[in-house]
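Please look through the sequence and the model below before reading on. The paragraphs that follow lead from one side chain to the wider arrangement of the chain.

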Amino acid sequence: PADTVSLLCDVNSALNGWRQDEPTTVELNEANGSIVVHVSAFTAPSYMNSARWQAHSIGPVPATYAANTIAFTDPHPLGSLYHYTINRLTGALVATDTTNWKWTCHAGKKQF
């Protein structure tokens, strides 16, 4: 839809040691007040025996679109990541729970 903006987000593995298989994608629909997130599969750091976290999707779920932030909650979280905020100025997607996982996002555009 024309109202949808797509973001490509890379996790900051320096913060937590987890590695994602591919970018996490975010579909913003401000007109509908909703968001969809496709979270990439992850591999844990070696001290966690390189455990795997499977890819999963969140949404569409309601999102609060403010001037500088977008906030949403995962109603069916895997683990402890369920409250998120996107900073509209910096492109940072942050899990605002105790983990503070952070992704750096940029607008996705068709390459061809």
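A good place to begin is Ser-40, whose side chain reaches the backbone oxygen of Glu-22 at 3.0 Å and the backbone nitrogen of Asp-21 at 3.1 Å. Both are polar contacts, a term that stands for a pair of N or O atoms within 3.5 Å, where within protein one atom must be able to donate a hydrogen and the other to accept it, and where residues adjacent in sequence count only if both atoms are side-chain atoms. The model is a predicted one, in which local features need pLDDT of at least 70 and side-chain atom pairs count only at pLDDT 80 or more, while totals for chains, interfaces and linings use all residues. Residues are numbered from 1 along each chain as its sequence is written, and side-chain values use heavy atoms, with hydrogens and water left out.

Ser-40 lies in the loop between β4 and β5 (42-43); strands (E, at least two residues), like helices (H or I, at least four), are DSSP runs numbered from the N terminus. With a relative accessible area of 3%, Ser-40 is buried, where buried means under 20% relative accessible area, exposed means over 50% and partly exposed is in between (1.4 Å probe, protein chains only). Leaving aside neighbours within four places in sequence, Ser-40 is in contact (heavy atoms within 4.5 Å) with Gln-20, Asp-21, Glu-22, Pro-23, Thr-24 and Ala-55.

Asp-21 leads on to the charged pairs, since Asp-21 also forms a salt bridge with Arg-52, the closest N and O atoms being 2.8 Å apart. A salt bridge here is a side-chain nitrogen of Lys or Arg within 4 Å of a carboxyl oxygen of Asp or Glu. Arg-52 lies in strand β6 (residues 52-53) and Asp-21 in the loop between β2 (19-20) and β3 (24-29), so this pair ties together parts that are 31 residues apart in sequence. Arg-52 is partly exposed, with a relative accessible area of 43%, and Asp-21 counts as partly exposed at 48%.

A search of the whole structure finds two salt bridges, and the other joins Glu-30 to Arg-88, with the closest N and O atoms 2.8 Å apart. This pair links distant parts of the chain, with Glu-30 in the loop between β3 and β4 (34-39) and Arg-88 in the loop between β9 (83-87) and β10 (92-95), 58 residues apart. Glu-30 counts as partly exposed at 44% relative accessibility, as does Arg-88 at 34%.

The strands themselves come next. Strand β4 runs antiparallel to β7, and five bridges join the two; strands are said to pair if DSSP finds at least two bridges between them. Within this pairing, Val-37 stands opposite Ile-58 in β7. Ser-34, which is found in β4, is buried with a relative accessible area of 15%, and, residues up to four places away in sequence not being counted, touches residues including Val-61, Pro-62, Ala-63 and Tyr-65. Strand β7 also pairs with β8 in the antiparallel sense, over three bridges, and the two form a hairpin with three residues between them. The bridge partner of Ala-63 in β8 is Phe-72. Pro-60 is found in β7 as well, and the peptide bond from Gly-59 to Pro-60 is cis, with omega near 10 degrees. Most peptide bonds are trans.

What lies inside? A nonpolar core is a set of buried Ala, Val, Leu, Ile, Met, Phe, Trp, Tyr and Cys residues joined through side-chain atoms within 4.5 Å. Of the 25 residues in the largest such core, Val-26, Ile-35, Phe-72, Ile-86, Leu-93 and Trp-103 touch the most other members. The elements that give two or more residues to this core are β1 (4-11), β3, β4, β7 (56-65), β8 (69-73), β9, β10 and β11 (102-107), and the largest share, four residues, comes from β7. Leu-93 touches, among others, Cys-9, Val-26, Phe-72, Ile-86, Trp-103 and Cys-105, residues up to four places away in sequence again not being counted.

Two of these contacts of Leu-93, Cys-9 and Cys-105, are joined to each other by a disulfide, S to S 2.1 Å, the term covering a pair of cysteine sulfur atoms within 2.5 Å. Cys-9 lies in strand β1 and Cys-105 in strand β11, so the pair ties together parts that are 96 residues apart in sequence. The link is right-handed, with 110 degrees about the S-S bond, and both Cys-9 and Cys-105 are buried.
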